[in-house]
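This report considers how the interior of one protein chain is put together, beginning with a single residue and moving outward to the helices around it. The structure is shown below.

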Amino acid sequence: MSQTVFADHTVESAPEAARASMRATTKHFGYLPTAVARMAEAPELLEGFLRGNALFEASTLDPVAREVLVLTIATRNRCHLCVAIHTARLAALGVPAELVEALREQRPLADQRLAAVQRFTLEVLADAGAVPDESLEAFLAHGFTRRNALEVVLGIGVYTMSTLANRLTRAPLDPPLAAYAWPEPAAA
């Protein structure tokens, strides 16, 4: 299916329950991202993602660790939009390009602490949360806490919601993100 069946809602065309979130998002970004315009079809999903994301952003995981988690989910779930957005966020955080490229290419990270986030995120997904004790211990050994381990679950939930919605709605890359486009790898 090359054409989307999801509307690019404006604040005026969106369901009433989505409008406040759309206005707030427009104010934050300076434009209405197409992903938000399409997610607005289901105001509960849009609100759930935005609230969940705000909670994840307020977690005790540091900003770079959060972005490593998100980019790990985005590449795993093949969401070109989330990869671009979070590549831009990592660049804004001053993260070395080599680390960003490794994440985008789904390679292990050289930074052992951030590699622990990447590995633990993938293990939580692969084991549906039932990670072996050794995996949790390895994560904790890099200075993370039990709280951080549960915050990884929060991040996985929020960004699974986002990546799946973006793929389902076929949300395109907005022009401000063009410099961070991700050439999605061929299907495995």
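## A buried phenylalanine

In this predicted model, Phe120 has a relative accessible area of 4% and is therefore buried, since the cut-off for that class is under 20%. Phe120 lies in helix H7, and, leaving aside neighbours within four places in sequence, Phe120 is in contact with Val131, Ser135, Leu136, Phe139, Ala149 and Val152. Between Phe120 and Pro63 there are 17 Å in space, C-alpha to C-alpha, for a separation of 57 residues in sequence.

## The nonpolar core

The largest nonpolar core comprises 51 residues, and Met22, Val68 and Leu109 are those with the most contacts inside it. Two or more residues each come from helices H1 (16–29), H2 (34–39), H3 (43–57), H4 (63–76), H5 (80–92), H6 (97–104), H7 (112–126) and H9 (146–169), and H4 gives the most, with 8 residues.

Val68, when residues up to four places away in sequence are not counted, touches Leu99, Leu103, Leu109, Leu114, Val117 and Gln118. In soluble globular proteins, nonpolar side chains tend to be buried together.

## Helix H5 and its surroundings

The end C-alpha atoms of H5 are 19 Å apart, which agrees with the 18 Å that its 13 residues should span at 1.5 Å a residue. The buried residues of this helix are Leu81, Cys82, Val83, Ala84, His86, Thr87, Ala88 and Leu90, and what covers the buried residues of H5 includes H2, H4, H6 and H9. Just after H5, Gly94 takes a positive phi of about 80°.

How values were computed:
Residues numbered from 1 in each chain as written. Predicted model: local features only at pLDDT ≥ 70, side-chain atom pairs only at ≥ 80, totals over all residues. Heavy atoms only, no water. Core = buried A, V, L, I, M, F, W, Y, C linked by side-chain atoms within 4.5 Å. Buried < 20%, exposed > 50% of the residue type's maximum accessible area, 1.4 Å probe, protein only. Helix = DSSP H or I, 4+ residues; strand = E, 2+ residues; numbered from the N terminus. Contact = heavy atoms within 4.5 Å. Expected span 1.5 Å × (residues − 1).
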